[in-house]
Amino acid sequence: MIYIRKALKSDIDSIMNIEKDSFIPQIQESKSVFEKRIEFLNETFLIFTDSDNNEIIGYLSGEFLETIPSAKEDIKLNHLPSCRKSELLYISSFAISPSKRGQGIGNKLFSESINYFLNNFKINEIVLLVNESWVKARTIYEKQEFEEINIFKNFFKTEKNSYTNGILMKKSFI
């Protein structure tokens, strides 16, 4: 069984371990950014724990936006949230520990997280940005009926100092 709860400052080392295991250094978010996101709006920063040993196995960081980003300059890696409430939620980061992948956990936890947000906030739309090369992540989002609405050219830096596109996806609830 896996539980979902709000993030605590004491979770930061586990969050950073999953971040480092999930993303290449060029696109990892910093510890200070995650700490500030937890402090600013911890009710939209979710932690997933394994009930057998209370191990943190993943996280989802969300924040409210005033408008849907229309250009890559509107949303950058390592940005800080600026809006405390709106009807537009942006999922800024989602990661599952590599040891738990391939078991359908990511899809289940993403779906449960969306339900949590819908049950606890007045949300009309949810948006997220995904690397075009992350096929498994895109499959999770597409299963939840997120649709591509924009492509941000050369958004994600690669290990070889080239770039891949970011795909902005959206799901409406109105």
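These legends go with a handful of close-ups of a predicted model, covering its pockets, its cavity and two helix pairs.

**View 1. The largest pocket and the residues around its centre.** This is the roomiest pocket in the model, with about 940 Å³ of space inside. Its lining runs to 42 residues, and the ones closest to the centre are F23, F94, W134, A137 and Y141. If you sort the lining by class, you get 18 nonpolar, 15 polar and nine charged residues.

**View 2. Where the lining of the largest pocket comes from.** Three helices and three strands turn up here, each giving at least two residues to the lining: the helices are α1 (12–22), α3 (105–120) and α4 (135–143), and the strands are β4 (88–96), β5 (125–131) and β6 (147–157). Which of them gives the largest share? That's β4, with seven residues.

**View 3. The second largest pocket.** Here we're looking at about 190 Å³ of space. The lining is made of 14 residues, and those nearest the centre are L65, T67, D74, I75 and S82. Seven of the lining residues are nonpolar, three are polar and four are charged.

**View 4. A cavity inside the model.** How many cavities of 30 Å³ or more does a search of the whole structure find? Just one. The largest cavity holds about 30 Å³ of space. Around it sit R37, L41, T44, F45, S61, G62, E63 and P81. Split by class, that lining has three nonpolar, three polar and two charged residues. Both α2 (31–41) and β3 (56–65) put at least two residues into the lining of this cavity, and the largest share, three residues, belongs to β3.

**View 5. Helix α3 packed with helix α4.** The axes of α3 and α4 are 10 Å apart, and the two helices pack at an angle of about 45°. So α3 counts as oblique to α4. The crossing of α3 past α4 is right-handed. On the α3 side, look for G106, N107 and F110; they meet I140, Y141 and K143 of α4. Taken together, the residues of this contact come out as three nonpolar, two polar and one charged. Y141 also appears in View 1, as one of the residues closest to the centre of the largest pocket, and both α3 and α4 are among the elements that supply at least two residues of that pocket's lining.

**View 6. Helix α1 packed with helix α2.** Now for the other helix pair: α1 and α2 pack at an angle of about 130°, with 10 Å between their axes. Parallel, antiparallel, perpendicular or oblique: which word fits α1 and α2? An angle over 145 degrees would count as roughly antiparallel and 65 to 115 as roughly perpendicular, so α1 is oblique to α2. As for handedness, α1 passes α2 in a right-handed crossing. From α1, the contact uses I12, D13, I15, M16 and E19, which meet K31, F34, E35 and I38 from α2. By class, this contact has five nonpolar and four charged residues, with no polar ones. These two helices tie back to earlier views as well: α1 supplies at least two residues of the lining of the largest pocket, while α2 supplies at least two for the lining of the largest cavity.

Technical notes: Residues numbered from 1 in each chain as written. Predicted model: local features only at pLDDT ≥ 70, side-chain atom pairs only at ≥ 80, totals over all residues. Heavy atoms only, no water. 1 Å grid on protein atoms, 1.4 Å probe; cavity = no way out; pocket = protein on both sides within 12 Å on 5 of 7 lines; lining within 4 Å. Points joined across faces, edges and corners; volume = space filled by probe spheres on them. Helix = DSSP H or I, 4+ residues; strand = E, 2+ residues; numbered from the N terminus. Nonpolar A, V, L, I, M, F, W, Y, C, P; charged D, E, K, R; others polar. Axes fitted to C-alpha atoms, helices over the stretch in contact; angles between N-to-C directions. Parallel < 35°, antiparallel > 145°, perpendicular 65-115°, else oblique. Left-handed = near helix turned anticlockwise from the far one by under 90°. Contact = heavy atoms within 4.5 Å.
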